Amino acid sequence: MNKNIAVIILAAGKGTRMKSDTPKVMHPLCGRPMLSYVFDLARGLGAKKTVVVLGHQHREIRRIVPAGVKIVLQDKLLGTGDAVKRALGALAGFKGSVLILYGDIPLLKKESVKGLLKFHTGNAIDATVLTALAGDPSGYGRILRDKCRAVRGIVEEADANDAEKNINEINTGIICFSKERLSGVFKYLKADNRKKEYYLTDIISVFYEKGLLVEAIRIKDAEEAMGINSRLDLSRASAAMRRRINHDLMDKGVTIASPEHTFINYGVKIGKGSVIYPFTVIENNVIIGRNCSIGPFCHLRDSVTLKDGTSAGNFAELVRTRVGKNTLIKHFSYLGDADIGAGVNIGAGCVVANFDGAGKHNTKIGSRAFIGSDSVLVAPVEIGRGARTGAGCVVTRDVAADSVVVGVPARPYTPRSKKR
Ligand code: UD1
Ligand code: CA
């Protein structure tokens, strides 16, 4: 734990530009609310205390706040400066540096923030701003420097003149303050700007004018500091997060044939030697073993486990399903709420009818079973070990181990010679 660092996460804003009924910070990035990534970052820094400021739709956001993180309510959204002032109330008695993180900046990496903290604490600075050089600075606060290139303030886009708008050094929003200096500054903040808000960013010019030590360090990769304000930003950040997830899996020995066309959620586990073919979508709580073959065009939805050597191929959709070793589901199948053994062959076009219009039901398929093409298994139903179903059958009753069923509805198959 870093005893000298406290983190304040700002997440009270409305997120008006998202045009959404969902609070902005709850919008998912690769299957997870963007704010959760910021909580992870705060935990990774080992801060002594973490405070999150909530306001708009706070009831919905509360449920993802980790234990140990203090919630402070900002009942009126008076701006980022006001939010930090309120959060400081929860840091009474704490001495050291206060790091501000924003709930809408989910791509920020621990290493970058650690660099900022080290620089800030190592040089006894009063305020250190993490800045970035942006190709397109629009939407961000611009860094103002004096003749000696020292940081003298931050101007918000809404209040910037044309010359200031041309500055491409931006405020990422991530700022580290000396707690002692920060506490004394709020009386100088005024809401005399376009938005009539108390801007956190105005603190920088107050510090500068008071002769306090203000520094800036630049983040190498501006993408990390991207703030999400609109759906377009969300899609760009999702693409960046997706790239990270795919790179990480490839580093661990997974082949991803075309990473730009593969959509894997946060937390998915895939064993080495597995190959993921294009246009595959893998959602939350999916665990794939070693040497599996997935896709192309495969959709693994929530809570799917595939053991080693399995194959889920073209247009297979699985949800809440467990599949044993070396089982093949090669083409056009829907499997929901199913428990499938090892060495099973699921023929082309097999469907589990798990929903009867009122509720979902389970299906069990024993090891080495052979499910003929186009079989429909009407749940709840159990197919015994080594049993076979004929092509096109509709199975409405349990099938005994090693037996064969055919037809609609499926009945035990009796070879012709035995019929007489
Ligand atoms: C803010 C910065 C801007 C910076 C940019 C980086 C200010 C005034 N501006 O602008 O300099 O370049 O982030 O992405 O800080 N929030 C509250 N309470 C409020 C208002 C906002 O908690 O009263 C929270 C929001 O939920 C959000 C964060 O603060 O997580 C930033 O607010 P937002 O409105 O997105 O600020 P920007 O306009 O992006
Ligand atoms: Ca923002």
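**Close-up views of a predicted model**

**View 1. Secondary-structure elements around the largest pocket.** β1 (2-11), α3 (80-88) and β10 (169-178) each contribute at least two residues to the lining of the largest pocket, and the biggest share comes from β10, with three residues. In this predicted model, the largest pocket encloses about 1,000 Å³ of space. Its lining is made up of 39 residues, and those nearest the centre of the pocket are R17, K24, T80, D104 and K195. By residue class, the lining of the largest pocket comprises 15 nonpolar, 16 polar and eight charged residues.

**View 2. The calcium ion (ligand 2) and its two coordinating residues, D104 and N229.** The ion is coordinated by D104 through OD and by N229 through OD1, at 2.2 to 2.5 Å. The pair links distant parts of the chain, since D104 belongs to the loop between β6 (97-102) and α4, whereas N229 belongs to the loop between β11 (214-218) and α8, 125 residues apart. Both D104 and N229 are buried, and D104 is also one of the residues nearest the centre of the largest pocket.

**View 3. The second largest pocket and the elements that line it.** The volume of the second largest pocket is about 690 Å³, and 24 residues line this pocket, with Y37, D40, M241, R244 and Y266 nearest its centre. At least two lining residues come from each of α1 (34-44), α4 (110-122), α8 (231-251) and β14 (269-270). The lining of the second largest pocket divides into 12 nonpolar, three polar and nine charged residues.

**View 4. The antiparallel hairpin of β8 and β9.** Strand β8 (residues 142-145) pairs with strand β9 (residues 151-155) in the antiparallel sense, over four bridges, and I143 has I154 in β9 as its bridge partner. Five residues lie between the strands of this hairpin, where R149 adopts a positive phi near 70 degrees.

**View 5. The open parallel sheet of seven strands.** The strands follow the order β14-β17-β20-β22-β24-β27-β30, and their pairing is parallel. β14 and β30 (381-383) are the edge strands, each of which pairs on one side only. Within the sheet, strand β22 (residues 321-323) and strand β24 (residues 338-340) run parallel and are joined by two bridges, with V323 having I340 in β24 as its bridge partner. The edge strand β14 also supplies at least two residues to the lining of the second largest pocket.

**View 6. The surroundings of C30 and C298, cysteines without a disulfide.** The count of disulfides in the model is zero. For C30, the closest cysteine sulfur is that of C298, at 18 Å, which is too far for a bond, given that a disulfide requires the two sulfur atoms to be within 2.5 Å. For C298, the closest cysteine sulfur belongs to C292 and is 11 Å away, again too far for a bond. C30 is buried, with a relative accessible area of 9%, and C298 is likewise buried, with a relative accessible area of 1%.

**View 7. R290 in the loop between β17 and β18.** R290 is placed in the loop that connects β17 (286-288) with β18 (293-294), and this residue is partly exposed, with a relative accessible area of 44%. R290 and G115 are separated by 175 residues in sequence and, C-alpha to C-alpha, by 37 Å in space.

Terms used: Residues are numbered from 1 along each chain as its sequence is written. Chains are lettered from A and ligands numbered from 1 in the order in which they are written. This is a predicted model: local features need pLDDT of at least 70, side-chain atom pairs count only at pLDDT 80 or more; totals for chains, interfaces and linings use all residues. Side-chain values use heavy atoms; hydrogens and water are left out. Buried means under 20% relative accessible area, exposed over 50%, partly exposed in between (1.4 Å probe, protein chains only). On a 1 Å grid over the protein atoms alone, a cavity is a set of points where a 1.4 Å probe fits but cannot get out, and a pocket is an open set with protein on both sides within 12 Å along at least five of seven lines; lining residues have an atom within 4 Å of a point. Grid points are joined across faces, edges and corners, and a volume is the space filled by probe spheres set on the points. Ala, Val, Leu, Ile, Met, Phe, Trp, Tyr, Cys and Pro count as nonpolar, Asp, Glu, Lys and Arg as charged, and the others, Gly among them, as polar. Donors are N, O and S atoms within 2.8 Å of the metal (3.2 Å for Na, K and Ca); water is not among the atoms, so sites may look incomplete. Two strands pair if DSSP finds at least two bridges between them.
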